[in-house]
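Please open the two-chain complex in your viewer and keep the sequence panel beside it. The tour moves from one selection to the next, and at each stop it says what is to be found there.

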Amino acid sequence: METRIRLLLLGTALAACSGCASMHWPWHHHKASQPVVSSADDNAPPPTVIEPQVERRKVKVPHIRAKDLEVGAYYGEISIQDFGAQPVAGLRLDYHVTEDLFFEGSYGRAKGGLTSFEELSGRARLLSDAERRFTYYNLSLGYNFLPGEVFVGRNLAMTSALYMIGGIGNVKFGGQQNFAVNFGAGFRVLPTDWLALHIDVQDLVFKSNDIGVNQLKNNLQATFGATVFF
Amino acid sequence: MTLRRIELAILLALCAALLVASPARAARELLQLFITQPYLELHTGPGRGYPVTQVVARGESVDVLFRRTDWYKVRTERGAEGWAAARELAKTSLADGSPFTINVGDRAGFAAHRWEGGVFTGAYAGATLVAAYGALSITNNLKLEVGASQYTGNVSDGYLLDIGLAHVFVPEWRFSPLVDLGTGWVHVEPKATLAKPVDRNDQVGYVGVGGRLYLTRRFFLRSEFRKYVVFTKTNANEVNEEWRLGFAFFY
């Protein structure tokens with residue numbers, strides 16, 4: 001009997017112990033969530049869901065070179081009112097803002113000749129040599145009003161444009177600075193994408209009293225030029 | 001310097017420029033764009049009127065060689081070259097599928113841009129004025145401006161160089177008012193006929209009020225009224241008024 005009771009108590013105690021072990025006590029909780037690994041796999045990484053190792057291709061956008069600026073030189077003839085037609089040379093810088101419009105800055109130099117009076121009178125001189133220097137700059141706005149193409153033979157087509165140009169500037173002549181207005185037209189043809197050839201006709205108008213009379217002076221110039229785009 | 005020497009200098013400068021600009025250069029990395037629209041039209045020149053001689057089909061790509069105003073010179077996979085309009089190229093995508101974006105100049109650009117420049121005419125102290133300026137945007141409202149002007153009058157001629165800050169009040173408006181403040185230097189060449197004229201160099205300070213009016217693309221009108229104080233070497237400072245009106249562009 002005693003043995004039976006002992007067995008019963010022992011059995012109850014064992015059942016209680018195993019029941020307690022299977023229960024989730026708060027102080028057991030942390031441990032219970034740990035993955036059960038054998039001592040041999042201690043150093044192995046825990047198995048996880050495989051993340052796709054795909055990185056988006058990073059595209060470096062190379063800088064697109066702008067070729068809106070045009071710089072070059074021109075040479076031609078200018079008819080300085082009362083002082084004869086003289087060679088003129090200059091530099092120009094253009095900035096193409098849209099396909100239609102561009103800004104232009106130009107600087108030119110020439111030297112006035114003799115007036116009819118000076119030619120006929122012999123030795124009389126109205127201006128000194130230094131005063132005969134004709135220098136000017138213009139700040140203008142141009143409009144490509146007839147863009148097109150020029151064909152040379154069967155195989156060569158060059159883009160071109162007939163443009164109108166007008167602006168303001170300054171003319172130094174006869175030892176005086178004069179506010180000047182310029183207007184004219186030109187033709188540009190591009191044998192390559194970076195080279196342009198120009199033919200320009202412009203009138204530089206200013207008020208002056210260099211020969212003692214206050215008058216409006218018209219100075220027409222016709223030039224050939226070459227510019228490069230960059 | 002004689003005219004001949006200047007001509008020679010110009011010729012040399014042009015030759016140098018030609019050498020620099022010659023197309024024989026090391027190969028550059030070009031931007032590759034993929035056509036996502038049904039097709040991309042290529043024109044023979046950088047303008048809306050030039051004929052379309054080729055099309056690039058959807059899925060094909062082009063290499064962008066360079067840009068001129070709102071036109072891009074591109075090369076197709078087959079090696080053909082042509083000009084594509086910016087607004088068409090803006091519908092293409094980069095190699096990673098993201099859209100290609102371009103700034104072609106619009107009202108948004110007018111409100112927020114980095115550089116601007118322009119030319120003016122007007123009057124400074126009664127003399128006719130020719131001026132040019134350039135500005136760097138510090139913020140959309142605040143600009144650092146540098147200007148150069150020349151004036152020609154009955155009493156004197158002169159040059160002005162100035163540097164200052166301009167504050168644009170509402171840059172996103174089509175007409176945006178501005179105020180500016182700055183300093184500079186004036187060089188005066190008096191035209192006195194009785195006494196021997198003496199050229200003067202003086203420092204100036206100015207304050208101005210004006211406005212900008214957006215026209216189209218990258219263009220806007222700008223007008224301004226300025227008051228200059230010339231810090232002369234005599235007892236009294238000189239105060240000059242100036243107004244100016246001109247065209248400007250932003251980039």
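Select B:Phe34 and look across to strand S4 of chain B, where B:Ser61 stands opposite B:Phe34. This is a predicted model, and the pairing in view belongs to strand S1 (residues 31-34) of chain B and strand S4 (residues 61-68) of chain B, which run antiparallel and are joined by four bridges.

Keep S4(B) selected and add strand S5 (residues 71-76) of chain B, with which S4(B) pairs in the antiparallel sense over six bridges. One position to pick out here is B:Arg67, whose bridge partner in S5(B) is B:Tyr72. Then move to the turn: the hairpin of S4(B) and S5(B) has two residues between the strands, and B:Thr69 takes a positive phi near 45° there.

Now widen the selection to the whole of chain B, whose secondary structure comes to three helices and 14 strands. Of its 251 residues, 33% count as buried, and among contacts between residues at least 6 apart in sequence, 45% join residues at least 24 apart. If you colour by confidence, bear in mind that the mean pLDDT of chain B is 86, with 86% of its residues at 70 or more.

Select chain A next, which has three helices and eight strands. Followed from the N terminus on, its elements run α-α-β-β-β-α-β-β-β-β-β. How do the eight strands close into a barrel? The order is S1-S2-S3-S4-S5-S6-S7-S8 (chain A), and the pairing is antiparallel. Neighbouring strands of this sheet are turned by 25° against each other on average, direction ignored.

To see strands S1 and S8 of this barrel paired, select strand S1 (residues 69-80) of chain A together with strand S8 (residues 215-229) of chain A, which run antiparallel and are joined by 10 bridges. A convenient landmark in this pairing is A:Ser79, whose bridge partner in S8(A) is A:Leu220.

For the chain as a whole, 33% of the 230 residues of chain A count as buried, while 54% of the contacts between residues at least 6 apart in sequence join residues at least 24 apart.

Within chain A, centre the view on A:Thr135, which has its place in strand S4 of chain A. Is this residue buried or exposed? A:Thr135 counts as partly exposed because it has 16 C-beta neighbours inside 10 Å, a number that falls between the cut-offs of 12 or fewer for exposed and 20 or more for buried. Leaving out residues up to four places away in sequence, A:Thr135 touches A:Arg109 and A:Lys172. For a distance to check in the viewer, take A:Leu114, which is 21 residues from A:Thr135 in sequence and 17 Å from it in space, C-alpha to C-alpha.

Finally, show both chains and select the residues where they meet: 39 residues of chain A are in contact with 42 residues of chain B. On the side of chain A that touches chain B, at least two residues each come from S1, strand S2 (84-96), strand S3 (101-111), strand S4 (133-152), strand S5 (156-173), strand S6 (176-190) and S8 of chain A. S5(A) gives the most to this side, with five residues. Coloured by residue class, this side of chain A divides into 21 nonpolar, eight polar and 10 charged residues. When judging this arrangement of the chains, keep in mind that the predictor gives the complex an ipTM of 0.77 and a pTM of 0.75.

Notes:
Residues are numbered from 1 along each chain as its sequence is written. Chains are lettered from A and ligands numbered from 1 in the order in which they are written. This is a predicted model: local features need pLDDT of at least 70, side-chain atom pairs count only at pLDDT 80 or more; totals for chains, interfaces and linings use all residues. Two strands pair if DSSP finds at least two bridges between them. Axes are lines fitted to C-alpha atoms, for helices over the stretch in contact, and angles run from 0 to 180 degrees between N-to-C directions. Two residues are in contact if their C-beta atoms, placed from the backbone, lie within 7 Å. Ala, Val, Leu, Ile, Met, Phe, Trp, Tyr, Cys and Pro count as nonpolar, Asp, Glu, Lys and Arg as charged, and the others, Gly among them, as polar. pLDDT is the predictor's confidence in each residue, from 0 to 100.
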